[in-house]
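Open your viewer and keep the selection panel handy. We will go from stop to stop, and at each one you will learn what to select and what is there.

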Amino acid sequence: MNTVKVGVIGCGHISRIYLENLTNLFEIVEVVACADLYEDAAKRRAEEFNIPTYCSVEEILLIPEIDILVNLTVPQAHAEVSLKILEAGKHLYSEKPLALNREDAEAILALAKVKNRLVGCAPDVFLGAGIQTVKKILADGWIGEPYAAFGQIVMGNGYDAMHPSFPSLLKPGWDPLFDMAPYYLSAFINFFGSINRVAGMAGNVQERFTVTNPKSAFFNQTLPIEAPMHASAVLEFDSGVVANLQASKASFGYLPKLEIYGTEGILQAPDPNFFSGPILIQKENQEIKEFPFTHSYREDTRGIGIADMAYALRSGREHRANDQLAHHLLEATFGIMESSESGQYVSLQTKVKRPQPMPLDLKYNVLDN
Ligand SMILES: NC(=O)c1ccc[n+]([C@@H]2O[C@H](COP(=O)([O-])OP(=O)(O)OC[C@H]3O[C@@H](n4cnc5c(N)ncnc54)[C@H](O)[C@@H]3O)[C@@H](O)[C@H]2O)c1
């Protein structure tokens, strides 16, 4: 097969599942190189996944055969690395968030246009069985006309401080709005289309955090918490649907919820941070029924958005985890924060097309029939 050649920049925690899927699952992609600020990190992943080359960021940018470079660095480095990738003439796929401010996001999209390159961005979890099945259930009218939705993610923020980039977890980019809300926003946009306006409140219960875990590399350090660790938002969609979103990293554990309310039923959707989970529908007679999945990819298939982009490159069709979705979703995030400061609604300037549903009955390992 004529594969699309992929390189990965950022060989930390999340790179493992990406590389597992990109090297084993999707036949259209071929990972030819990986890079990191730290050579050891790149070497470790190259050995683990039989990747032919590991090298520095500057070197990977110069490898001529690479079509798509995947940016899996920490959020604070996303914009800088993504601009380098586009400058080098490669197609870009970035982990979320695409950028931490409007200017950087717009600079990435403008450079992609000048260079005629594609931009893809996580989350791609909405391409999995869970959200794709819910999307079909809504489109087929099982709960009548959806008019409202509720999304909630309440969790801790890795306060055992064992994440190698723990101080980054306390800065903008790894806060609940940038880190977790995208799973909910991308699901909502898939279900309901463009967001018209948002209102939000965001804040913190602590200003700094002292690491008490003796096993952490940051033991005894007191670090500032520089981003809001809890936020509540109301989103109004062009379709008239209204959604509430509660995102917090100020507690502990992990408590997700995604519900959609329709004129003829209530749907409990799977956690949009996972590829599957029970789909329950309650109808007028109060009976709750579980729905079977209509779509493939129930396991953790992170990286599926890159494979989808590879098909788009080959056929000229649109890719689903695309720049417009990433930009619109980010605009909603900025809007929630701005609304929190101003006390006003914030209207979004961009519109987004709902990504095409995934095909039914896909053969294993392929995304286009
Ligand atoms: N950890 C998770 O569960 C998870 C899940 C989904 C998405 N993500 C996203 O994936 C991204 C990476 O998360 P992670 O948990 O793998 O972080 P991590 O800190 O474990 O890994 C990041 C890697 O990027 C490297 N890096 C940092 N700046 C760089 C630069 N300028 N150039 C090259 N390499 C650089 C670091 O050395 C490190 O190896 C984040 O945007 C995060 O939001 C993480």
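Start by selecting the ligand and the 22 residues that surround it, each with its C-beta atom, placed from the backbone, within 6 Å of the ligand. Colour Gly10, Gly12, His13, Ile14 and Ser165, which are the closest. The shell holds 13 nonpolar, 6 polar and 3 charged residues (nonpolar: Ala, Val, Leu, Ile, Met, Phe, Trp, Tyr, Cys and Pro; charged: Asp, Glu, Lys and Arg; polar: the others, Gly among them).

A note before moving on: this is a predicted model, where local features need pLDDT of at least 70, side-chain atom pairs count only at pLDDT 80 or more, and totals for chains, interfaces and linings use all residues. Residues are numbered from 1 along each chain as its sequence is written.

Next, colour domain 1 (4-121) and domain 2 (127-290); these bounds come from an automatic or database domain assignment. Each domain supplies at least three residues of the ligand shell. Their C-alpha centres are 26 Å apart, and their contact (C-beta atoms, placed from the backbone, within 7 Å) takes 8 residues from domain 1 and 10 residues from domain 2. On the domain 1 side, 4 are nonpolar, 3 polar and 1 charged.

Now select Val6 and look around. Among the residues that Val6 touches, leaving out those up to four places away in sequence, are Leu22, Val29, Glu30, Ile68 and Ile306.

Note on methods. Two residues are in contact if their C-beta atoms, placed from the backbone, lie within 7 Å.
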